[in-house]
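Hi everyone, thanks for making time this morning. I'd like to walk you through one structure, so let me put it on the screen.

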Amino acid sequence: MKTGQLKGSFAPGVTCGFAAACIFYVAAWVTHLPALDLQARVAGPAILISWLLGALALGRSVARGQAALAGLVAGVTTSLLILIPLGSALVETPEGDAPLPGTSGLATSAVVRAGGFMAVAIVVGFIGTFVGSRLSDAPARTGRAWLPRFAAVACVATVPLIAIGGIVTTTDAGMAFPDWPTSDGANMFLYPLSLMARPDRYFEHTHRLFGAFVGLTVLSLALFTFATERARGFRIAAAILFVAVCVQGLMGAVRVTEDSMSLRFVHGFAAQVFFGCLVGFAVAVSGAWAPVGTLPRDPLLRRLKLFSTMALHSCLLQHLLGAMYRHMKYGGSKGVSHILYTHAALAFVVFVASIIAVIIGSSAAGVAGPLGRPIKRWTTILGATVSIQFLLGWGAFFAVMHDKGVLTNPAVATATITTAHQANGALLLGSLVVVWLLSRRAWKATSCPEPSA
């Protein structure tokens with residue numbers, strides 16, 4: 001094996017490995033939901049099929065000459081990452097309702113079980129990447145070319161973390177475990193699956209596991225950036241993102257150990273801001289941020305920047321109000337109706353500003369040069385996400401207004417629609433960040449001095 005071959009296959013392998021792990025996490029989370037109560041003979045194949053199909057799709061972006069080694073790297077990467085949720089299946093079933101402390105619950109066959117799961121992960125990664133590469137004719141890319149893709153994986157991995165965090169809030173499961181980093185005295189990564197039949201335990205525990213996965217993903221993004229990007233600004237930004245995800249994790253921990261109401265909504269709001277910054281980083285390192293030359297000055301670009309800025313800032317305020325209301329309401333606080341009404345009124349500002357940006361964007365794309373195509377694509381996405389968010393918002397408003405009690409055990413419909421509203425809010429924020437950055441980039445290009453003859 002040549003060193004150059006391994007080096008060229010490492011970046012696509014790691015990227016596909018983290019993406020496949022994300023697919024595994026989501027599939028395992030859905031199939032183990034207490035409400036579904038699926039048998040292992042159903043959940044196992046469902047996870048495996050989802051996992052393999054995802055690996056095949058990911059393999060389509062890998063060059064054929066790199067597929068074998070990249071598939072091996074992807075499989076090894078995934079096999080290490082799935083050890084985080086796998087720990088719940090490596091412990092003995094306790095006799096009572098409490099886990100054994102620390103790591104004492106670890107089964108004697110844990111090493112054999114873990115080795116078997118890791119072997120399956122390596123096989124799935126190798127087969128999926130190798131076969132997937134044969135279904136397309138992707139060109140060989142340098143390690144730097146994979147950085148935007150890895151950043152996109154980090155963004156995608158953060159979405160389910162935010163969604164599960166919303167479920168934790170809606171179901172008032174944040175104090176299912178009053179301790180951290182342990183869970184009821186057990187090692188956080190070795191909490192028995194058998195004790196997660198209670199929804200509050202399941203949601204809070206899986207939220208912690210997803211948090212650990214996102215933390216590792218952002219750490220790897222920072223290392224990836226330092227290894228492939230020479231620009232000092234990108235390196236500083238990647239380091240700041242890693243520090244931010246660590247602070248967010250510690251904030252979540254203190255929120256549990258201190259049972260702090262203020263940290264509840266700060267933690268929730270900071271998660272949305274972090275996601276927006278992560279999306280911004282992914283845009284900045286992508287091809288859309290390449291030099292665009294000098295664009296002709298057109299008022300459409302200025303209007304697009306103006307309305308995308310207005311929509312983004314009002315959306316951030318919406319997230320703050322939403323986080324305050326959700327945590328204070330579901331935490332049992334009284335007198336928070338004015339926050340809800342302000343949140344509902346501001347929704348019109350976000351919706352109108354976003355729709356105007358979408359309308360302008362369809363025309364501005366024609367005068368934005370190389371930025372025209374991404375502007376057109378992302379304003380279309382913005383139109384879809386803001387429309388869905390507006391409908392979900394009013395659905396959540398009427399669902400919450402209909403529930404007159406303290407929502408420690410909300411109806412399934414209420415929990416579903418409010419969580420969907422919160423999760424789609426993250427997608428809306430991400431879409432606005434992209435449109436805002438592209439519009440600023442395009443308008444700045446019109447301000448550049450004309451090149452000399």
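I'll go from the overall fold to the core, and then to a loop. Please keep in mind that this is a predicted model.

Let's start with the fold. How many helices and strands does the protein have? There are 13 helices and 0 strands, so reading along the sequence you simply meet one α after another, and the radius of gyration of 23 Å is close to the 22 Å that the globule rule gives for 453 residues, so the protein is as compact as a globular protein of that length. If you like to think in boxes, the C-alpha atoms fill roughly 80 × 65 × 35 Å along the principal axes. Among contacts with a separation of 6 or more, 84% join residues 24 or more positions apart.

Now for the inside. Buried residues account for 51% of the 453 in the protein. The largest nonpolar core has 103 residues, and the members touching the most others are Trp 29, Phe 213, Leu 221 and Ile 375. Which helix gives this core its largest share? That is helix H1, residues 3-31, with 13 residues. There is also a second, separate core of 10 residues, including Leu 340, Leu 346, Phe 397 and Val 400.

If you want one residue to click on, try Leu 221. Leaving out residues up to four places away in sequence, Leu 221 touches Leu 147, Phe 150, Ala 151, Ala 154, Leu 241, Leu 278 and Phe 281.

On to the outside. The protein exposes about 20400 Å², and 70% of that area is supplied by carbon and sulfur atoms. As for charge, I count 32 positive and 16 negative side chains, and the centres of these two sets are 17 Å apart.

Last stop: the loop between helix H6 (147-170) and helix H7 (199-228), where Pro 181 is found. The peptide bond leading from Trp 180 into Pro 181 is cis, with omega near 10°. Two aspartates sit in that loop as well: Asp 172 and Asp 184. Neither is a glycine, yet phi is positive at about 55° for Asp 172 and also about 55° for Asp 184. Are they buried, exposed or partly exposed? Asp 172 is partly exposed, with a relative accessible area of 32%, and Asp 184 counts as partly exposed too, at 30%.

That's my tour, and I'm happy to rotate the model for anyone.

Technical notes:
Residues numbered from 1 in each chain as written. Heavy atoms only, no water. Core = buried A, V, L, I, M, F, W, Y, C linked by side-chain atoms within 4.5 Å. Buried < 20%, exposed > 50% of the residue type's maximum accessible area, 1.4 Å probe, protein only. Helix = DSSP H or I, 4+ residues; strand = E, 2+ residues; numbered from the N terminus. Contact = heavy atoms within 4.5 Å. Rg over C-alpha atoms; globule rule 2.2 N^0.38 Å. Areas by Shrake-Rupley, 256 points an atom, 1.4 Å probe, with all protein chains shown as cover. Lys, Arg positive; Asp, Glu negative; His and termini not counted. Charge placed at Lys NZ, Arg CZ, Asp CG, Glu CD.
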